[in-house]
Amino acid sequence: MSKRKQGSDGDADYDNSDEEVDYHAIKRMLIQLFGADAEGLHTGRLADLILSAADSGVGTTIKTDGEDSDPCAFLTVLSCNAHRDHPAMKAVMEYVLSKTSADLAFHSTLSSLLAPKTQDPNQAQAHVGLILCERLINMPVQIVPPMYRMLVDEIQDAAADGDPYIFTHYLFISRVYRLTPEEEEAMVAAQRNSKRYKSAGSSELGRSRDGVYGFHPEDEEVMKFSSHVLTYAYTNALPRDAEGIGLDVGGRAMLVPADRFEPLVRAIGEVFSAPNSA
């Protein structure tokens, strides 16, 4: 398998995927990423597609216990054009389009971008890259900036090799949870009583304007650079019981024009990089 780069950050090893070791872990993280709607999205075949991209040097996994261990996180980008007819890509795109139907502007834009391309070489062609990023819940956000910096380099190298990685837009899929006003009050009270927030001051108390919170803190930066953002409910989500046990979880789609991608990566690095990291 192609190994274009290796790096490290603290106790985490950043490397291209090892197909034999990584398939099941990546599939599990994809199920986590797509939540209650994962079953119909061919996550096994999508994991295969991610590992295939790694063969061309695009995509990174993070491992904390050697290269033969399961990855704790992954980041990749897949060409929606090149894999248009792949069952997993087709299922994911149909799913995202069905969700964006709740936002007519987003739906119209994405439908146009994903439409079959003309054969006219003089006509500008849209090309969407699907960004998939997930990690285990105990992995800190500080692992994310190095992965995105490496992804920028990987995309450039792959495009230089003639692979289909010259994008006009990037489509990010992420996940969120919703809190009731009562749950938000309990969260803020817990923050006020924590040592971290007592030392940081009340300005650190985080509260969403709409009760929606991202599992991935870097989504806050992605949204700032997005032309369209949509938070949506899972189709197959089970209703919460009367006691409200369990989180009310949903998905989020974000569309970023390609000329904003590298500034976004720099912003993620500025906000979330570990102290003393490059």
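Which element supplies the largest share of the lining of the largest cavity? Point 3 takes this up.

1. Model and overall make-up. The structure is a predicted model. Its chain has nine helices and nine strands. Of the 278 residues, 46% count as buried. The exposed area of the chain is about 13800 Å², and 50% of that area is supplied by carbon and sulfur atoms.

2. Contacts along the sequence. Taking contacts between residues at least 6 apart in sequence, 77% join residues at least 24 apart.

3. The cavity. A search of the whole structure finds one cavity of 30 Å³ or more. The space in the largest cavity comes to about 60 Å³. The answer to the opening question is β6, which gives three residues, the largest share of the lining. At least two lining residues come from each of β5 (128-135), β6 (169-178) and α8 (219-224).

4. Residues of the lining. To find the cavity in the structure, look for Ile 131, Cys 133, Tyr 148, Phe 172, Ile 173, Ser 174, His 216, Glu 218, Asp 219 and Val 222, which line it. By class, six of the lining residues are nonpolar, two are polar and two are charged. Glu and Asp count as charged, so the charged pair in this lining is Glu 218 and Asp 219. Ser and His fall in the polar class, so Ser 174 and His 216 make up the polar pair.

5. A backbone angle to check. His 42 is not a glycine, yet its phi is positive, at about 55 degrees. Most residues other than glycine have a negative phi. His 42 sits in the loop between α1 (19-34) and α2 (43-55). Is the residue buried, partly exposed or exposed? With a relative accessible area of 38%, His 42 is partly exposed, because this value lies between the cut-offs of 20% for buried and 50% for exposed.

6. Cysteines. How many disulfides does the chain have? The count comes to zero, where a disulfide would need a pair of cysteine sulfur atoms within 2.5 Å. Two cysteines can be described further. Cys 72 has a relative accessibility of 10% and counts as buried. Cys 80 is also buried, with a relative accessible area of 4%. Both values meet the rule for buried, because that rule asks for under 20%. A further cysteine, Cys 133, belongs to the lining of the largest cavity.

Conventions: Residues are numbered from 1 along each chain as its sequence is written. This is a predicted model: local features need pLDDT of at least 70, side-chain atom pairs count only at pLDDT 80 or more; totals for chains, interfaces and linings use all residues. Side-chain values use heavy atoms; hydrogens and water are left out. Helices (H or I, at least four residues) and strands (E, at least two) are DSSP runs, numbered from the N terminus. Buried means under 20% relative accessible area, exposed over 50%, partly exposed in between (1.4 Å probe, protein chains only). Contact means heavy atoms within 4.5 Å. Accessible areas come from the Shrake-Rupley method with a 1.4 Å probe; for residues, only the protein chains shown count as cover. On a 1 Å grid over the protein atoms alone, a cavity is a set of points where a 1.4 Å probe fits but cannot get out, and a pocket is an open set with protein on both sides within 12 Å along at least five of seven lines; lining residues have an atom within 4 Å of a point. Grid points are joined across faces, edges and corners, and a volume is the space filled by probe spheres set on the points.
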